[in-house]
Every structure is written in structure tokens, then in C-alpha cells.
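Please open the model in your viewer and keep the selection panel at hand. The stops below go from one chain to another, and each begins with something to select.

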Amino acid sequence: MLLIGFVALSAVLMVALSHLFSSTRPTAAKSLPYESGMTPLGTARERYDVKFYLVAVLFIVFDIEVVFMMPWAVAFRSLDLLGLGTLGALIEMAVFVLILVVGYVYVWKRGALEWN
Amino acid sequence: MTNPSAARLRERFAGSVGAAAGADGEGVVHVDAARAHELLAWLRDDPGERYDYLTDVTAVEYRDRERPLEVVYQLRSLPRNADLRVKIDLPKDAELAVDSVVDLWPGANWLEREVWDMFGVRFRGHPDLRRLLMWETYSEGHPLRKDFPLRGRFSRAEQVRRALGGDLTAHYSLEELSIAEAYDALPEDLRRQLAPRPGSPAAGAGPGAGGEGGHRVVELALAAPGRGMPGAPEAEGPGSAATAAGPATPAGPDMKTDHMLINIGPQHPATHGVLRLVVELDGEVVVRVIPHIGYLHSGFEKLGEYRHYNQIIPLTDRTDYLSAPANNVAFALAAERLMGIEITERCKVLRVIACELSRIISHLVWAGTTAIDIGAFTVFLWMFQERERAYNLIEEWTGARLTTSLTRVGGMMADLPDGWTDRLREWCRRFPKTLDEVDRMLLRNGIWLGRTQDVGVMTTAEAIAHSLSGPMLRASGVAFDVRKDLPYLDYDTYDFEVPVGEHGDVYDRYLVRMEEMRQSVRILLQALDRLPDGPLNSADPRVILPPKRRAMSDMESMIHHFKQVMEGVPAPAGEVYFPVENPKGELGTYLVSDGTAKPVRWRIRPPSFLNIAALPKMAEGHLLSDLIAINASVDIVMGEIDR
Amino acid sequence: MSPVTGSAFFWTSVVKILIVFGGILSLVAFWTWVERRGAGWIQNRLGPNRVGPEGLLQPAADGLKNFLKEETLPPFADRFVFLLAPVMAFVPALITFAVVPFASPLPTPWGLVSPAIADLPVGFLYILAISSLGVYGVVLAGWSSNNKYSLLGGLRGSAQLISYEVSMGLSAVAVLVLAGNITMNEIVARQQHSVWFVLPLSVAFLTFLIASFAETNRLPFDLPEAEAELIAGYHTEYSAMKFSMFYIAEYSNMVTASALMVTLFFGGWDIPFTAWDNTPPWTVLKFVATFAAFWLKVVAFLFAYVWVRWTLPRFRFDQLMDLGWKVLLPVALGYVMVIAVAVWGLGAAGVPFGLGYGLILTAVSAVLLGLLLWGLDRNRVIGGSAARQRARWLADAARQRGAA
């Protein structure tokens, strides 16, 4: 917590200090968004490819999976599930991963991972 | 000797074929404007003619006001290795218009646009007849016409005022402005101007769609890819374009997104100068590329008409400034053929050395910048170090690094300094090792292979149709090299190979150019071996300045000196097209003389101009990163493209 | 000796923060110099050598310059987000390091000081959580600039960062299976008592290494700021110190990623082939020695970053996503299961955790690694066939437009 506060403070300080020391002389040309020296046509605030949202959704799915796997991994060798000891933990995770793989294959087949 | 094609033409198109002439194996045929398109199509398709390659399209206006303006088509038959020049006479009192040949050779697209821009000749049926080198709102006329003053019609201030004009959208073509997504962001008046008119003719299908340069219908833009290509779907008839404006939803799970219109260049790290590409992006996919050139337009061809032949040589430095010595040689060779001057043996060998050395330095820049565009920074610096060493040699020889002005008509500007050949030999020995190292670094790298293979493919037929030349053409599998097929400077006596690619992709272009550098080293070593002693310059006192001492002591020499400096060297009336194999492709020098010491027309057939004109064809449908790689693989230099 | 408590804990923490924060910033500054001199070395040239001895003061000069340069605040940008973005990039980059133990415990008059700023019991989760925040800096910068290059860079950056985040997490799961603990100190301790995990978990290390290059936006994964394509990508519109903060964030991320690889796979502060350094009693000498060992390993990885940057070309976006989702993700996932099976088998066979245990797993992983590298044959996975597919797509689109 201390660190976060400290680093955040210094970050804000950096922005503020540079703001304080620097000179700013805006001109019309300087104020335009840079687009290879041409007047930009239209705005950058457009609806962009839905693929990027798709990646975000997939990320959530798989990242949560990772988070689920972590406690399992940590406790793996001392788990005793299904009355089979470690094997039980293994089987349970195999089932979990299998479900995940089914989803992964589906996503792949649907072309969500294609970027061409 | 006239070209046999001329006789066959006369036989077939009796009455439409006028005077035919020939010099040095070149054939020139004058044909009727009305039947020119039909005739050119026949020349392309007839199995006995097969002029499948359009080398150049240009125009000539003579100083004699009575003479008609000529539109010149320089044709080549690659399978028969024959050239033919077809001319159309356009009397100046009639409308200056001919039928476009873009449907026969897509490569004619930019060439015809340039002729329209520079001479005001309208090409009927051209799909996109806009100004090319000058900006779209340029209102001073057509600069290469003889009634156009060298300084332009307007004052400098007026030019700037008109060019900018406070209209921000003036930098965009109507085609770009009309792209549907950008359309909403336009001011009201422009939107009204662009609004689709019901019942307007379909995109580019019929003649006249080009209309006044720049005034075009909005549907054309929406009928997107394959524009101007023969047989493209959009040419199917009226109505097709109007419906194309609707959502073209591809099958599968896809959702409509806004296309982004983005400028790549002129101020961009990867455009190798002031090339500007307006790119329409769908996510990362390049839907369309619209190149804009002319930011470096200097009017060299116009300037040349006001200069003596030797005075033009410094201008050639500044066209393809990455291989100035080769340009100097190309111009000198053309002028010498025009004047009928023989050069000495030593001069020939020195010119070969100049050409091959510039091929290497040009390819080094290309390899380095391509690598940096694909992210391999180190290759760039390794290549530039070798280039610096080569430039040191050139500097020793010419006193300049970039703008060498190495040749004179009839000879060379300077002979080699002492010990130079040994230093070149030493460099030739070491330099290929750098190439090998770069090859090891890139060709064994999966990322490099993935970035270059199958990217920007031009098939053999497409490469020929788009009039590509040089390494671009050879990478697509056409084994045409001017040095082998139309030899000059005794190139036919040198032992070297011409590398030819198979796939026509960025990767093959890389391989071809790398191998060309190695072959150039071979040629350099052979040239050094055979370098004869003897006089450097031609003995003709009319074209070669006498030594200073003689000019000051000998009356006759002084007269020659005076006449050359004050009046220049007159060339007999006539014309010549002289192609040479420059690093970037076929550099053609087309000189027309009316008997005076200044050319009537000095036309440069710029290789990278034609190569970059095919960029939309190569890049559309690829990703943005590929566009950069493809653009790099073309090897452009804006000094030459814009001239 | 018992760990420090109470106010002593507070003050030691403050000192640790100051040292680590200052240390990382100095290392970052130093490393910009190393990178440029290293580039010079690789490219047969000099690099910056004018400011101070061997150009060592160049980073200081650059930093000062960046404080004084003109600031641009594009009027079209979203001002608040525009200002927030560099902070959002900067803060996570620097605080991720907090849980990494960088030496053996240090004895002081007030007790034993833990070598990490915060020896959190959920150490690794903390890292995953905080480093994911870094993506906000990129996305917000890209979006708020109202610049098309920035937007593209931001989109690329976000997709890339989150894609590789998954593989990174999965390869770390393999480590956790073996370590049986999520505290960084314990992970180090487990390696000290068997072998460094890079050997038994070589495939996980490979995926982790690739993912960490991608996570730090370094070549060959520098697509978000690919200068040949997007000028400067998501920070095109930034100048002065705000630009500098992105720069510092990138290098801090490199330091953190290197430290993570060292901790997870290279035994952390362990000195190899001796047990002297990891057995109590703790002395100041041991602290210094292990401290040096740790940073030596980190610097080796940092150098690898520089080396790779000046050697490899850049990926294309589809290749990048293919590598992340179609190669690294299934490999990492499958590998976790293989390791779990192997651990179960070893447990069933009654092999005790230790050197032998590690060596058996090493053999298993070596076979898998060989198979993987054989399967990753260049140009089969990272191939150019994508272009053909796109050409087909374009032809289809053209046909449809024509038919409509």
C-alpha cells in the first residue's frame, strides 16, 4: 500500500513538474492530431473491429481459468478428492480442462482466432 | 531499317497508318487517333506481333507551333524482344483526346494520367483521369506544353495561396472524400457536392466517366477493388455500383465496422520520401490504397527543354538520387546515340563500373530500408556501412557523393584517380561477406520468412500487364534484363547471371536484389580486369571540350570551346528511346531533337514510378504491416517518381 | 532471529521502498544507456559516448531534457484520460516488483528483514493482477489521443497484452504445481532444495519467456509502437515527461519480467551448487552475495532483451495473435496437465521431492521441448499462408459486391 501510494505520488509529481517546467506554445498545426503531416480526415473515435472485443472476452474466460487453476496447482500434491488421493485432483482438473478445450476448439473453429 | 511490324500494320489497317520511320532498329509508326485503340489491341494480341509490354506512354509537343502534338506509345514484345513506337498525331486546333489503353495494359493508368496532367491530352475511357504530379486543384494549365512559361503562370505567392486555399479537404481526392464513413464528417456543402445522383453512369464502365480531371461520381469509390482492371466485377453494367453502396456483408460471423481512412505519408518513417498513401482500413486489413505523388515534383523534363545536353546531366543526378552515376550514364548514352557519337573503349568500361557500383549502392539502401520497415534495424546499419565505403570510392572518383554528374556527352567528367582500382578490388572482395551475413540473419529467421513470403504477390502476367520492370519484373518470373536483352556498353561481353524469382512476392524480390548485388560484383571485377588504357573521351572536337591549355593557345580549339559553351552541341533532328537497366528497373531516356542544341522533349521513363503504380494491386487485402513491407519491396525513390 | 515487527517493520519497509524504487529507476536509466551502447556494439558503431565518461550521463541528460521539453496537449484529446494514461502505465510497472525477493533475509538489530518489499502470501496472484493493469496505460493513451495511429497502436497493444497474459499465467501454473506454494519466497526455497525450475519446466520457461517479451512490448513484439507502421503507436501524441513515463514503464516492465523469470525459473537469489547461501544463520555477507547473484541473473535477462531487439524483425499482427492463441495457449495448457500427471506419477512411485525428482521431470520436459521445437518448424506455424487467405477474402468480397 505504501509502495502504491509512493509510486503514484511520484508519477503525478512527474507529470506536474514537467508541466511546470515546460513551455507550451501551441499553434494550429501543432494542435492537429499527427497524421503524417496531412490534415486528418474524419476522427479516430470510430467503431473499430469487433474482433478486439472478442479477444477481450476470450481473455476473461481463459484468465479466470488460470485463476481457478492456481489454487488447485498449489494444493495439488496434498489434495485428496474422489477418494483417490492426488489422482482424484488430477481427474477433476482433467475434466475442467476438457470442458475448456471443447470451448477452445469451438472458438477456433468459429474463426474467432483468425485475423486475416 | 524500319520495323517489320510497321509493314504489317499498314497491310492490316490500310489508311490508318501514316508515315513510318526507323533508326537504329527502332520502329516508329504514326497512326490515326480514331483507330489507335483497335490497332494497339491488335499489336498486343496478334500472335505474330505480341507487343505484350507497354514500356511508356508520353507526349511530345514541338517548338514548331504548326506541328501536331504527338502521343507516344512505346511498346515492347517480350517474347520477340522487339520494340515499336506508335505515335498518334493530334492537331492542336482539334480536341486533344485519344482512347485510353488502360483496358489493354493496366500499367498505362498512371502514364496516361501524367500525360493528361502535363499536356492536357484527354484519355477517353480512363477509369481515374485525375492530375497526378500536380495537385488536384492546380489551375495553371498543363506544364509541359510549350505555351506554358518555365516559371509558371502565377506568382509564387499566388501559387501557394491557391494551393492551400484554406480548404482542408483540398488535399484529398473526391474519391477519398466519398468513402462512405468519412462522408459523414464532411461539411455540408461538400456532402451535397458528393451526394450520389440517381441514374448516374456506373463506375468507370463507360468512356467519359473520367470526365474533367477530378470530377467523378461517388459510386466509383464504393465499387472498390479492382478498379480500372479489365473484366473487374464493377464493370458489369449500370446499377451494379448503386447497389454496391449497400452493406456488403460477407458470410460468417462478421459485424459491420467503420472503415478508417488514414494517411501513410508524406511525413512517415516508412514511405521512403514524400510518398503519400491514403489507406482505407477495416481493422488492420487494408481495403484500399490510393497513392498520391508529386510532393517532390521539380519539373526536370520541362527544365531540360531549356538546357544544353550536357547541362541536363546534373538534373539526372537528382532524379534517382540513390544511383546518380547510372542516371548520368543513361542520359549520356541516349544523347550520344542521338548525335551519333562513338565513345572510347576505356569510357565504356568506366561507365560499366559506374553503373554496377550504383546498382550496388542503390540495392544496399533498398535492403537496409526494407529490413528496417520489417523491424530488423541492425541490417540497415550494416548495409549503410558498406554503402558508405562505396560512396567513399565514388567520392574519390567524382568529388561528390550523391550528385556525381559523372558523365559528359561523348566521355566522362573525370578519369579514375591513382590506386582507385585496387581499392575497388579490395572492397569487392570484402563486401559480399556482409551480404552473406545479412542473408544468414534474415533468411533463417521464421519471422522474416513469414513477413515476406506470399506477401504482395504479382504473377507473371500481372507484372507484365502493369509494366513493372527491373527486379520487380524479374521477381515475378520474367527473365528480362536490358543488359542481356537490349545490350549496351558491351554488356553482352560480360559474364553474369540474371536472377529470376518464381513467386513474385516480397521474399523473391529480396532474393533477386541480393543476388543482383553479387552479380554486380562479378561484373565489376571483370571490368577492372579488362580496363584498357587509352583515351577517355571521344576525339570529336565538336562535343568534347579541348584541354584548357589548348583552348588558350590554339585558335581552332578556342572556337570549339566557345561554341560548346555558348551554343551547346546541336543534335541532328530526330529522336531516340534508350533503355538502360537501372537499379530500380528500366530507365528509358526518350530524347527528341529538332536540330538545335536543346532537346524538344526529354522524357524519363521512371522505373519506380511504374512499379509503385501497382502498389494498390499488390497491397489491397493485406494487413497494414504488409502494406509497409510491400511498399518497401518496390524500392522507390521519390526524386525519380516525381521528377 | 525473528522477523521485524511494529514500527521497525514500518521503517524498514520505507527504506526498502526507497531503495527498490530508486534502484529500479537507476537501473532503467542505466539500461537505456546499455541498450543504445549495445546497439552500437552490435551494429558496428559507437552509440552515445559524449555526455560523461563513455556517455554514462546520457540518460541523466535525456531525463532532464524531457522535464524541460515542450508539452503538447492536443485539444482534440480527452484531457483527463490523456493525462491519466502515462500514470496508469507507470504505476503498475513499478509496483509489480514489490513481491519479488531479491536476496536472502538480512539480519538487523531489530530483527530479520524480509528481502521483498511485501512478502505477500499470495505473491504470484499479486503479480498477475498488477501487471494486467499495465494494459490500461496503452489502451487509454491510444484512445484518448484521438489520433488514428495511436488508436491502432492502442488496439494492437491491448489485444497483444491480454493474449499473452493468459499464456504467461498458464506457464506459471506449472511452476505452482511443482512449488506447491504461491509465496515467492517459498518458490525460491523449493528450487534451492531441488533444481532450478528452468530444467524440469523447460517448456513452461519457453512460453513464459516469449510471453514476457510480448508483455513488455519489446521487439519482436513491439507492434503497438511499430515505428515503421504507426509512427510511434499509442504514444504518438505524447511529448516531454509524459512520453518519458511510457519509456520508463517499458524498461521497468523489462526489469520486473526479468526478475520474475529469475525467481520462477532460475532460483531467485539462489547461488548454484552450494547450500551455504540458503541455510540460516543469515548474515550480512550472505545478503550481499545473494543480492549480487540475483541482480546478475536479472541483468543477464535484460541483456537478452537488448540482444533480441537488435536481431529480430517484427511480427505481423495476425502472426502475433496466432502465436499467442494457437501455439502458446494450448502448449502451456497441455504442459500443465503433463506436469500434473508426472507429479502424480512420481508421487505414486514414492519419489521424494529433491534433486532426483527434478532430474526425472527434466528428462520429461526435455523430450517435450524437443517435440515442441520440432513442431514449431518455421514457416509452418508462423507462415505466409495468411496472405493467400486474405487474397481469397478480398476476391470473395469483390465478387459479392459485384453480385449485389
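Begin with the contact between chain C and chain A, to which chain C gives 68 residues and chain A gives 50 residues; keep in mind throughout that this is a predicted model. On the side of chain C that touches chain A, the elements that give two or more residues are helix 1 (6–42), helix 2 (58–68), helix 3 (79–95), helix 5 (148–179), helix 9 (240–265), helix 11 (317–349) and helix 13 (385–403) of chain C. If you colour this side of chain C by residue class, you will find 45 nonpolar, 13 polar and ten charged residues.

Stay with chain C and select helix 4 (residues 123–144) together with helix 5 of chain C, whose axes lie 7 Å apart and make an angle of about 170 degrees. Because angles over 145 degrees count as roughly antiparallel, helix 4 of chain C is described as roughly antiparallel to helix 5 of chain C. The contact of these two helices of chain C is made up of 13 nonpolar, nine polar and one charged residues.

Next, centre on Asn217(C), which sits in the loop between helix 7 (202–215) and helix 8 (227–230) of chain C. Its phi is positive, near 60 degrees, in a residue other than glycine. Is Asn217(C) buried or exposed? Asn217(C) counts as buried, because it has 26 C-beta neighbours inside 10 Å.

Now move to chain B, which has 26 helices and 15 strands. Of the 643 residues in chain B, 55% are buried, and among the contacts in chain B with a separation of 6 or more, 66% are between residues 24 or more positions apart. Colouring by confidence is worthwhile here: the mean pLDDT of chain B is 80, with 83% of its residues reaching 70 or more. Residues 196–255 of chain B have a pLDDT below 50, although this stretch has 110 contacts in the model beyond near neighbours in sequence.

Within chain B, select strand 4 (residues 69–77) and strand 5 (residues 82–90), which run antiparallel and are joined by nine bridges. Tyr73(B) is a useful marker for the pairing, since it stands opposite Val86(B) in strand 5 of chain B. Strand 5 of chain B is mostly covered, with seven of its nine residues buried. The two strands of chain B form a hairpin with four residues between them.

Follow the chain into that turn and centre on Asn81(B), in the loop between strand 4 and strand 5 of chain B. Asn81(B) is not a glycine, yet its phi is positive, about 55 degrees. With 11 C-beta neighbours inside 10 Å, Asn81(B) counts as exposed, whereas Asn217(C), visited earlier, counts as buried.

For the last stop, select the open sheet of three strands in chain B, whose order is 8-9-10 and whose pairing is antiparallel. Strand 8 (260–264) and strand 10 (285–292) of chain B are the edge strands, each pairing on one side only. From one strand to the next, the twist averages 25 degrees. Strand 9 (residues 276–282) of chain B pairs with strand 10 of chain B in the antiparallel sense over seven bridges, and across this pairing Leu277(B) stands opposite Pro291(B) in strand 10 of chain B.

Methods. Residues numbered from 1 in each chain as written. Chains lettered and ligands numbered in written order. Predicted model: local features only at pLDDT ≥ 70, side-chain atom pairs only at ≥ 80, totals over all residues. Contact = placed C-beta atoms within 7 Å. Nonpolar A, V, L, I, M, F, W, Y, C, P; charged D, E, K, R; others polar. Axes fitted to C-alpha atoms, helices over the stretch in contact; angles between N-to-C directions. Parallel < 35°, antiparallel > 145°, perpendicular 65-115°, else oblique. pLDDT = per-residue confidence, 0-100. Buried ≥ 20, exposed ≤ 12 C-beta atoms within 10 Å, placed from the backbone. Pairing = 2+ DSSP bridges.
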